[in-house]
Amino acid sequence: MYLVLYCHNIGMTDFSFFETEDFDREEGYIVRGKWPNEQAFRAYLANEFGDMSDYHVIDLIAKGPEAETYSQLDLVQLSLS
């Protein structure tokens with residue numbers, strides 16, 4: 001199972017995570033919400049998922065603006081690295 005983390009805005013308050021087995025948006029589970037900052041978002045994830053050891057985490061937040069262009073295939077490639 002994969003957990004993809006991403007942010008929607010420059011102000012870094014509009015975050016989402018995508019829980020998926022195959023990176024198909026129709027089959028995955030997306031949660032979007034407003035947190036005051038990235039630290040609060042990550043604290044929420046730790047509370048919601050614990051240590052996240054059951055997930056392969058793909059942190060698109062850390063990839064920055066480059067991640068905006070990633071396709072489903074790009075995500076699969078990231079999951080293999």
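**Exercise 1. Identify which exposed residues sit on the face of α3 turned away from its buried side, and work out where the buried residues lie.**

Solution. The face of α3 turned away from the buried side carries Leu73 and Leu80, both exposed. The model is a predicted one. Next, take the buried residues: in α3, which spans residues 72–80, these are Leu75, Leu78 and Ser79. They lie on the same side of the helix, because the arc they cover around the axis is only 100°. Last, look at what this side meets: the buried residues of α3 pack against β1, β4 (56–59) and α2 (60–63).

**Exercise 2. Determine whether the residues of β2 are buried or exposed, and find the pairing partners of the strand.**

Solution. Start with burial. Seven of the seven residues of β2 are buried, so the strand is largely enclosed by the rest of the structure. Then sort the side chains by direction. In a regular strand, side chains alternate between the two faces of the sheet. Here Asp14, Ser16, Phe18 and Thr20 point one way, while Phe15, Phe17 and Glu19 point the other way. Now turn to pairing. β2 pairs with β1 in the antiparallel sense, over six bridges; in this pairing, tyrosine 2 has threonine 20 of β2 as its bridge partner. β2 also pairs with β3 (residues 29–34), again antiparallel and over six bridges. There, glutamate 19 is bridged to tyrosine 29 of β3.

**Exercise 3. List the residues of the largest nonpolar core and state which element gives the most to it.**

Solution. The core has 12 residues: Leu3, Leu5, Phe15, Phe17, Val31, Trp35, Phe41, Leu45, Phe49, Met52, Tyr55 and Ile61. Assign them to elements: β1 (2–7), β2 (14–20) and α1 (38–49) each supply at least two. The most comes from α1, with three residues. A second, separate core has 10 residues, among them Phe23, Leu60, Ala67 and Leu75. Returning to the largest core, one of its members is Trp35. Setting aside residues up to four places away in sequence, tryptophan 35 touches Met12, Thr13, Phe15, Ala40, Phe41 and Tyr44.

**Exercise 4. Describe the surroundings of cysteine 7.**

Solution. First place the residue: cysteine 7 lies in strand β1. Then check exposure. Its relative accessible area is 24%, so cysteine 7 is partly exposed; the cut-off for buried is under 20%. Next, list contacts beyond four places in sequence: Met12, Thr13, Asp14, Phe15 and Ile61. Finally, consider a separation. Cysteine 7 and phenylalanine 49 are 42 residues apart along the chain, and their C-alpha atoms are separated by 18 Å.

Key
Residues are numbered from 1 along each chain as its sequence is written. This is a predicted model: local features need pLDDT of at least 70, side-chain atom pairs count only at pLDDT 80 or more; totals for chains, interfaces and linings use all residues. Side-chain values use heavy atoms; hydrogens and water are left out. A nonpolar core is a set of buried Ala, Val, Leu, Ile, Met, Phe, Trp, Tyr and Cys residues joined through side-chain atoms within 4.5 Å. Buried means under 20% relative accessible area, exposed over 50%, partly exposed in between (1.4 Å probe, protein chains only). Helices (H or I, at least four residues) and strands (E, at least two) are DSSP runs, numbered from the N terminus. Contact means heavy atoms within 4.5 Å. The arc is that of the directions from the helix axis to the C-beta atoms. Two strands pair if DSSP finds at least two bridges between them.
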